[in-house]
Amino acid sequence: MSAKILVSGVKPSGRPHIGNYFGAMKQFMELQHSYESYVFIADMHALTNVQNPRQLAENTLDVAIDYLAIGLDPKKVTLFKQSDVPLVAELGWIFNCITTMPYLERAHAYKDARAKNKEINVGIFDYPMLMAADILLYDADIVPTGADQKQHIEFTRDTAEKFNRLFGETFRLPEPSIPESVGTIPGTDGRKMSKSYNNTIGLFAPDDEIAKAVMSIPTDSKGVDEPKDPDKDNVFALHKFFTEGPEFAELRDRYQAGGIGYKESKELLIRNMSKFITPLREKRESIAKNKSDVLKVLEEGAVAAREKANLKMDDVRAKVGFKLT
Ligand code: ADP
């Protein structure tokens, strides 16, 4: 039996942060050994809010370097940029034609943007359909992603079912792979960590940036000696990812008993976070020196991804009536 297929991606709309890593990227890395993997840089999605060509190109190359730095092996994973397979827009269009406006109006991301009175371009509104195309074009079995994307995977499954009902069995229904223990990682202001909120801690941040970000996390006003509820503290929420074994258990006890202040907790977090990030940052710096190697990985990935996508679109075109025989 051939290996199951994994598909996922990250938007090049800014620097990846620790939320992206623990929610999604870490899974790409761990699962690359057991799945046929297609991991892309979602530059077409990023265009909904990055409309500066130099910035978009720079961010895209940066994410490619990031993928390599966290340990994705181009011999195991097809790494490519979304726009190198323009067929995805064709499939997205087909999905647009079988999806209703009220259905897309239910998307959380769209509702949030409306509630904030943001100007919403058609790309943002239509984002779930392009995402469905991203996933279904490669016959994904699983889509590793953070908890915030759960609804979009449901939209993808609904779209696949609808197409299959209308035109005959064509698409496999993908399963989300959401690490339950991770949940949604909070940013430095306590909201979801997100590139859109300016509350991130970069996955490759230098030490001074880590320290500044951690020190800015808001806490309540409890004094050093007062008992604290670790599960209600944003600093502790991040310790879960960077502080291990007995040190973590001891920290939890000290929170509950009283005797540790938020300043000490933050200092400990800065130390442990830096221990985790420093080797990643150093590896990234060395990969970034060979830009042509990175471009070559993307070119080879694009060829492999297009080959797979072409096969699928052949079938889709025949099913909808685009093929004349
Ligand atoms: P952002 O919200 O920062 O723009 P993306 O939309 O590029 O992030 O998301 C890339 C991946 O990272 C997605 O799978 C998403 O679910 C995951 N992710 C993003 N933010 C978080 C977070 N705060 N906690 C856990 N996972 C996250």
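Let me start at Leu 72. Setting aside neighbours within four places in sequence, Leu 72 is in contact with Phe 28, Met 29, Gln 32, Val 39, Tyr 67, Val 77 and Leu 79. Keep in mind throughout that this is a predicted model.

Leu 72 is also one of the residues with the most contacts inside the largest nonpolar core, along with Ile 18, Tyr 67, Ile 70 and Met 273. That core has 55 residues. Where does this core lie with respect to domain 1 and domain 2? Both domains give residues to the core, so it lies between them. There is also a second, separate core, with 39 residues, and Phe 95, Ala 132, Leu 137 and Phe 171 are among them. As background, nonpolar side chains in soluble globular proteins tend to be buried together.

Now the domains. The assignment gives domain 1 as 5-184 plus 291-320, and domain 2 as 204-284. Taken over C-alpha atoms, their centres are 32 Å apart. Twelve residues from domain 1 and ten residues from domain 2 make up the contact.

The area buried between the two domains is about 940 Å², and carbon and sulfur atoms give 72% of that. Which three residues supply the most of the area that domain 1 buries against domain 2? They are Ile 18, Phe 22 and Ala 69, which supply 50% of it. Ile 18 you have already met, as one of the residues with the most contacts inside the largest core.

On the polar side, two salt bridges are found across the interface of domain 1 and domain 2. Two residue pairs are in polar contact across that interface, both at pLDDT 80 or more. On the side of domain 1 that touches domain 2, the elements giving two or more residues are α1, 18-31, and α3, 53-69. The largest share of that side, five residues, comes from α3. As for a single salt bridge, Asp 62 forms one with Arg 284, and the closest N and O atoms are 3.1 Å apart.

Last, Ile 185, in the loop between β5, 175-177, and α9, 207-215. Is Ile 185 buried or exposed? Its relative accessibility is 5%, so Ile 185 counts as buried, the cut-off being under 20%. Leaving out residues up to four places away in sequence, Ile 185 touches Ile 18, Gly 19, Phe 22, Arg 191, Lys 192, Met 193, Leu 238 and Phe 241. Gly 19 is 166 residues from Ile 185 along the chain, yet their C-alpha atoms are separated by 5.3 Å. Ile 18 and Phe 22, both touched by Ile 185, are the residues named earlier with Ala 69 for the area domain 1 buries.

Conventions. Residues are numbered from 1 along each chain as its sequence is written. This is a predicted model: local features need pLDDT of at least 70, side-chain atom pairs count only at pLDDT 80 or more; totals for chains, interfaces and linings use all residues. Side-chain values use heavy atoms; hydrogens and water are left out. A nonpolar core is a set of buried Ala, Val, Leu, Ile, Met, Phe, Trp, Tyr and Cys residues joined through side-chain atoms within 4.5 Å. Buried means under 20% relative accessible area, exposed over 50%, partly exposed in between (1.4 Å probe, protein chains only). Domain bounds come from an automatic or database domain assignment. Contact means heavy atoms within 4.5 Å. Helices (H or I, at least four residues) and strands (E, at least two) are DSSP runs, numbered from the N terminus. Buried area is the accessible area (1.4 Å probe) that two parts lose on being put together, summed over both. A salt bridge is a side-chain nitrogen of Lys or Arg within 4 Å of a carboxyl oxygen of Asp or Glu. A polar contact is a pair of N or O atoms within 3.5 Å; within protein, one must be able to donate a hydrogen and the other to accept it, and residues adjacent in sequence count only if both atoms are side-chain atoms.
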